[in-house]
Amino acid sequence: NLTAGQYSVVVTDANGCSQSFNGSVSAGSFSASVSNVRDVTCPGFSDGAATVNHAGGTGPYNYMWMPGMMAGATVSTLSAGNYSIQVSDATGCVAYTSVSIGTAHSNPVISFSTAADVCASGSPVTLSLASPAGGTYSGTGVSGGSFNPSVAGAGVATINYNYTDPNGCSAASSTTINVVADPTVTFSNISTSCVGSAPVTLSTGSPAGGVYSGPGVSNGVFDPTVAGGPGTYNITYTYTNPTGCTGTATGTVTVGNPATVSIMMTPGTGCSANTVYIGYTASYITLTAQANLSGLSYQWYKDGQLITGAIDSVLLVAEGGSYSVTVSDAGGCSASATAPISINAVDVRCGHDLRKVMICHVPPGNPGNPQSLCIAPSAVPAHLTLHPGDCLGPCPNSRLDGSATDEAHSFAVSP
């Protein structure tokens, strides 16, 4: 590989004899150059190209592109960078050239606007956060350019965005959307009310600060009369947190229809219908509460005081006093009898030791001459059975029968 110039050659044999020769080497005409250079389209692409041209030399020619050890006069898969090319001809002559491949276009720059918080139960929202527009969004809860917070769930959701510009250059970036959990809302059932009773202020919804709605509800107050009569009504409580996320809960209120109730008195065996007779154990009056509704519970009162255990519709009365009854339905809607029943009590004990009982006896065949008799308690049933006109207690305006004249007797009447 001698360069052009003058050269001397000395030849020496084995005996040490030598002879010199002079000569010259002239430069050959063999060179290389590059044409048709094409930069890569976008960063990262490998679509750059260039062609090596040569002048002089003897074919065929070999080409070696470095770096990359690529061959061929034209290479169209170049990345951005600097390349050197060696061209060799058939005689071993070599020519060198180089080329620099640049980048025609830069990748787009993606920016995002601030994403507003959304509620976990909110409706899907159209994504328009990224610029330049026209790219593709992806991520959990993302479909067709919309974000569904109920699919993503509460928490921080990552939104990916890919954009390719008209030159084919692309970029990818991501942002986040805060998905706010819906508030936990509770609402307890309202105590039962009655038609015609006073409106009830609603206060069982939590967290406080929400809005009540439903039949008969206005400004947080439930009016059983406005609600529409007896029945069970659904009341909804809606609460919205500072983010604007809403939760609801539903409770019920039962509106009862107050019953109408009266008391029917069934007289006992005494001479007066509303009188019980002290001194004879079988003497009592039956009071029956009569209501216009079924499925009621009962509570009886004597002189305004609750009678313990008196919770049936029928009450057996053996004491004087003023009796009343209150009825309630399953929801607690109650009503009282329109008029209480007053029961008198008469002591019918007689005899020296007050062990006998006073009865009014109507003699057979002489009903106009009733007699007050003081007899043993055991004899009372026979009198009442055999003599339908007989009754407990003294006869009004009558004398005491002679059979009891030798016995001290008295009776007291108490209201």
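**Figure 1. Confidence of the predicted model.** In this predicted model, the protein chain has a mean pLDDT of 87, and 91% of its residues reach 70 or more. Over residues 399–415, the pLDDT is below 50. Beyond near neighbours in sequence, the stretch 399–415 has 32 contacts in the model.

**Figure 2. Close-up of the pairing of strand 7 with strands 5 and 8.** Strand 5, comprising residues 62–66, pairs with strand 7, residues 81–88, in the antiparallel sense over five bridges. Within this pairing, Asn-62 stands opposite Ser-88 of strand 7. Strand 7 also pairs with strand 8, residues 94–101, through eight bridges in the antiparallel sense. Here Gly-81 has Ile-101 of strand 8 as its bridge partner. Strands 7 and 8 form a hairpin with five residues between the strands, in which Gly-92 adopts a positive phi near 95°.

**Figure 3. Close-up of the open sheet of strands 19, 26, 25 and 22.** The four strands of this open sheet follow the order 19-26-25-22, and their pairing is mixed. Strand 19 (193–194) and strand 22 (211–213) are the edge strands, each pairing on one side only. Strand 22 is joined by three bridges to strand 25, residues 231–240, and the two run antiparallel. Ser-213 stands opposite Thr-236, a residue of strand 25.

**Figure 4. Close-up of Thr-286 and its contacts.** Thr-286 belongs to strand 29, which spans residues 285–291. The relative accessible area of Thr-286 is 16%, and the residue is therefore buried, since the class includes values under 20%. Not counting residues up to four places away in sequence, Thr-286 touches Met-264, Met-265 and Thr-266, as well as Val-314, Leu-315 and Leu-316.

**Figure 5. Close-up of Val-314 and the nonpolar surface patch.** Val-314, one of the residues touched by Thr-286, is located in strand 32, residues 314–317. With a relative accessible area of 41%, Val-314 is partly exposed, whereas Thr-286 is buried. Tyr-284, Val-314 and Leu-316 make a nonpolar surface patch of about 280 Å². Leu-316 is also among the contacts of Thr-286.

**Figure 6. Close-up of the buried residue Cys-333.** The loop between strand 33 (321–328) and strand 34 (334–336) contains Cys-333. Its relative accessibility is 4%, so Cys-333 counts as buried. Leaving out residues up to four places away in sequence, Cys-333 touches Ser-193 and Cys-194, together with Gly-256, Asn-257, Pro-258, Val-327 and Ser-328. Strand 19, an edge strand of the open sheet shown in Figure 3, comprises 193–194. A separation of 48 Å lies between the C-alpha atoms of Cys-333 and Ala-152, which are 181 residues apart along the chain.

**Figure 7. Close-up of strand 37 and its pairing partners.** Strand 37 covers residues 356–361; five of its six residues are buried, so the strand is largely enclosed by the rest of the structure. Strand 36, residues 349–350, is joined to strand 37 by two bridges, and these strands run antiparallel. Arg-349 has Val-357 of strand 37 as its bridge partner. The two strands form a hairpin with five residues between them, and Gly-351 in the turn has a positive phi of about 90°. Strand 37 is further joined to strand 38, residues 371–375, by five bridges in an antiparallel arrangement. Another antiparallel pairing, of two bridges, links strand 37 to strand 39, residues 391–392. Ile-359 stands opposite Leu-373 in strand 38 and opposite Leu-392 in strand 39.

**Figure 8. Close-up of Ile-375 and its surroundings.** Ile-375 is situated in strand 38, which pairs with strand 37. A relative accessibility of 13% means that Ile-375 counts as buried. Apart from neighbours within four places in sequence, Ile-375 is in contact with Lys-356, Val-357, Ile-359, Val-380 and His-383. Among these contacts, Val-357 is the bridge partner of Arg-349, and Ile-359 stands opposite Leu-373. The C-alpha atoms of Ile-375 and Cys-350 are 8.3 Å apart in space, although the two residues are 25 residues apart in sequence.

How values were computed: Residues are numbered from 1 along each chain as its sequence is written. This is a predicted model: local features need pLDDT of at least 70, side-chain atom pairs count only at pLDDT 80 or more; totals for chains, interfaces and linings use all residues. Side-chain values use heavy atoms; hydrogens and water are left out. pLDDT is the predictor's confidence in each residue, from 0 to 100. Contact means heavy atoms within 4.5 Å. Buried means under 20% relative accessible area, exposed over 50%, partly exposed in between (1.4 Å probe, protein chains only). Patches are made of residues with over 30% relative accessible area and no salt bridge: like charges are joined within 9 Å, nonpolar side chains (Val, Leu, Ile, Met, Phe, Trp, Tyr) within 5 Å. Accessible areas come from the Shrake-Rupley method with a 1.4 Å probe; for residues, only the protein chains shown count as cover. A salt bridge is a side-chain nitrogen of Lys or Arg within 4 Å of a carboxyl oxygen of Asp or Glu. Two strands pair if DSSP finds at least two bridges between them.
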